[in-house]
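Visitor: Could you take me through one part of this protein up close? I'd like a look at a nonpolar surface patch, with a bit of context around it.

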Amino acid sequence: MKLHIGCVIVALLSLVLPMAAQSAGSSAATAQVPQLVNFSGVLTDVNGKPLSGPVGVTFSLYQEQQGGSPLWLETQNVPAGKNGSYTAALGAASSQGLPANLFSTGEARWLGVQVQGQAEQPRVLLMSVPYALKALDAETLGGRPASAFLAATGASGPSPAANVTGSGTKNFIPRWTGTSQIGNSNIFESVSNDVGIATSTPAAKLDVNGTTDIRNTLTLFPSGAPALKVSGTTFAINNAGKVTFISGQTFPGTGTITGVTAGSGLTGGGNSGKVTLGLINTCSNGQILKWNGTKWVCSSAGTGTISGVTAEAPITGGGNSGNVKVGLTTACSSGQVLQWNGSKWACSSAGSGTITGVIAGTDLTGGGSSGNVTLNLDTTKVPQLGANNTFTGFEQLFNNTVIVGPITGLTEGQLAAGSPSVDNPAFGGAGFTAAAGSGGNGGDSIVSFGGSGDFDTNNGNTGGQGIFAEGGGGSAGGAGIFALGGGATEGGCCADGPGGYFEGGSNNFSGDGIVALTGGALAGSFSGSVDISADLNVGGSKNFKIDHPIDPANKYLVHSAVESSERINIYTGNVVTDGQGEATVQLPDWFEALNSDFRYQLTVIGVFAQAIVAREIENGAFAIRTSSPNVKVSWQVTGVRQDAYAKAHPLVVEEEKESRLRGFYIHPELYGAAPEKQIEWARHPQLMKQAKQLKDRQHPGAKAATVAQSRQP
């Protein structure tokens with residue numbers, strides 16, 4: 001809640017008129033001055049919108065503009081108007097109203113306003129009018145009106161002063177013990193200005209002897225006074241809230257700790273004062289504490305110590321005391337090695353089996369037993385790579401691999417490349433073909449995966465294309481990709497294969513199934529019907545374009561679709577009213593299931609007459625009535641779609657662009673922006689950059705060198 005207007009209005013007449021009445025000698029039945037102060041303001045929520053209806057508001061009066069405890073507070077259900085304005089009577093929550101002593105000191109008072117569940121708003125300084133409540137005290141003496149000290153009208157006897165009786169004790173505050181008697185009160189003030197209540201020996205500035213009820217906020221030490229002490233003990237609460245208890249203090253409850261007993265492995269404990277716990281110190285030097293299953297006991301650090309090291313051949317050294325050393329034997333002759341002879345390691349010559357000859361093995365020729373010998377492949381068994389070769393098993397080719405040769409035919413599982421003529425493709429593959437009658441699926445011909453970018457660095461890097469294709473140039477450019485769906489078995493269960501299947505990625509900002517950019521003509525051309533399962537968003541207009549009915553060979557006829565901020569369906573027709581000037585228009589049975597919010601338009605044809613919709617659409621029909629019989633009426637009905645899809649996907653007329661798309665346009669040239677501000681540059685920046693590079697490369701001037709090089713013999 002924000003407090004926009006803060007003012008204080010006091011009904012001066014409620015303060016002045018009763019005093020005037022008393023001074024005029026009014027009766028004792030004169031109405032008492034209301035201890036109330038009016039306050040007006042405006043209530044709004046955290047968004048600045050006005051609140052209305054009953055609103056819980058807490059009003060507090062302070063001595064300071066900021067900080068400090070409230071001198072008075074109360075909570076009211078404030079009735080706020082439509083614009084949030086309200087007027088509250090401060091003190092109305094209590095039958096006594098506002099305490100008059102709030103303003104008796106003449107000090108400033110600040111009003112704080114807090115809506116339920118929200119922070120208190122900046123305090124408002126009360127102007128002079130509320131302090132007029134102090135004027136009430138001017139009418140009284142000791143809280144009694146002046147009439148209390150006057151004899152009743154018509155009473156006989158001496159004056160009131162002559163009838164006052166009683167006695168008093170020095171330093172006691174007097175009180176009326178009867179209608180004309182005074183005596184001691186319970187309040188005593190010593191010569192040192194100490195005040196006692198129910199005691200004549202006050203030990204402090206205020207000494208209360210007896211039970212005390214405080215029915216409102218009690219503020220202790222408002223200026224950082226010393227700590228509160230109870231009965232002179234060391235129990236104290238200082239001005240920072242720190243509590244100190246007396247020695248031996250106990251607390252109610254069944255969980256009070258009365259002592260600390262040391263368990264196994266520990267010493268110390270006690271039931272008074274500060275107790276200390278520590279580990280036992282009865283273990284021998286080097287022992288450790290070990291859990292024996294029931295308690296912690298002293299135990300040796302370990303019983304499995306090494307008592308000696310014995311060396312076995314060919315290792316030497318060892319011992320059972322001090323630092324022992326081990327090493328390999330030094331008994332071998334120079335150049336010998338350690339060799340396992342089946343039972344132990346022994347010194348042996350480095351090698352005695354010299355090669356005496358090389359014999360050619362399988363698929364090799366050559367060899368010999370003297371001089372430099374040569375081994376060669378047997379070319380009668382291993383084919384040379386210069387001829388056609390057939391490889392079996394898993395083959396890997398690294399670095400640049402060039403395959404040259406015509407593709408004359410492919411069988412399943414084969415891949416070939418090379419194009420010697422215009423009639424042969426440059427690259428081809430044949431997938432697996434299932435055997436007839438097997439019911440199996442065919443295999444993919446070529447599967448390719450683009451390389452992944454760096455997932456760990458979010459700098460806009462992109463993955464590579466699964467397939468990158470660019471058509472060749474010429475008088476007419478070749479298609480980058482040409483695809484033809486496979487034919488299904490005639491009379492079989494299923495449809496022919498599609499020419500292409502595209503599905504966008506779905507990891508982050510879901511990818512598009514197809515992104516098509518115009519090269520200057522159409523971004524897409526479909527010859528046949530098109531099914532769209534969701535919305536069709538068009539930056540231009542939605543047209544139909546046909547061969548012109550009058551000149552189909554030379555012209556087109558173009559009509560634009562009707563557009564609206566609603567999903568509207570339009571239905572029209574003609575009807576002739578009967579001899580009573582009435583007609584009923586029957587509509588399809590699905591009409592009301594599809595449409596709602598119907599609008600009507602009627603046009604009378606051929607005569608001057610009036611026509612009205614006599615009965616709106618109900619149970620698949622509506623009625624028309626004309627002022628004359630047998631009148632032809634042309635009617636039009638529009639309805640707003642209410643089918644399941646329309647309900648699940650309501651039309652958003654004004655839509656905010658995503659943050660990543662802001663600053664980009666569907667048609668940047670219409671707003672004086674660069675082509676790179678087209679919205680696809682925000683959605684697919686790397687793809688658009690590559691597309692631009694390809695277009696630049698295909699420019700006639702840039703591609704001249706490539707064309708010339710391709711024509712070289």
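Visitor: And before we zoom in, what percentage of the 713 residues in the protein is buried?

Guide: Buried residues come to 16% of the 713, and keep in mind that this is a predicted model. For the wider setting, the secondary structure consists of seven helices and 40 strands. The accessible surface adds up to about 52,200 Å², with 53% of that belonging to carbon and sulfur atoms. As for contacts with a separation of 6 or more, 39% of them are between residues 24 or more positions apart.

Now for the patch. On the surface, I306, V309, I315, V324, V326, L328, L338, W340 and W345 form a nonpolar patch, and together they have about 870 Å² of accessible area. Two elements give two or more residues to this patch: β25, spanning 326-328, and β26, spanning 337-340. Pick out L328, which sits in strand β25. L328 has a relative accessible area of 57%, and that puts it in the exposed class because the cut-off is over 50%.

Further along the chain you'll find an open sheet of three strands, ordered β28-β29-β30 and paired antiparallel. β28 (358-359) and β30 (375-377) are the edge strands, each with a single partner, so one side of each has no neighbour in the sheet. Strand β29, residues 364-368, is joined to β30 by three bridges, and the two run antiparallel. If you want a residue pair to click on there, G366 stands opposite L375 in β30.

Key. Residues numbered from 1 in each chain as written. Predicted model: local features only at pLDDT ≥ 70, side-chain atom pairs only at ≥ 80, totals over all residues. Heavy atoms only, no water. Pairing = 2+ DSSP bridges. Helix = DSSP H or I, 4+ residues; strand = E, 2+ residues; numbered from the N terminus. Patch = residues over 30% accessible without salt bridge, like charges linked within 9 Å, V, L, I, M, F, W, Y side chains within 5 Å. Areas by Shrake-Rupley, 256 points an atom, 1.4 Å probe, with all protein chains shown as cover. Salt bridge = Lys/Arg side-chain N within 4 Å of Asp/Glu carboxyl O. Buried < 20%, exposed > 50% of the residue type's maximum accessible area, 1.4 Å probe, protein only. Contact = heavy atoms within 4.5 Å.
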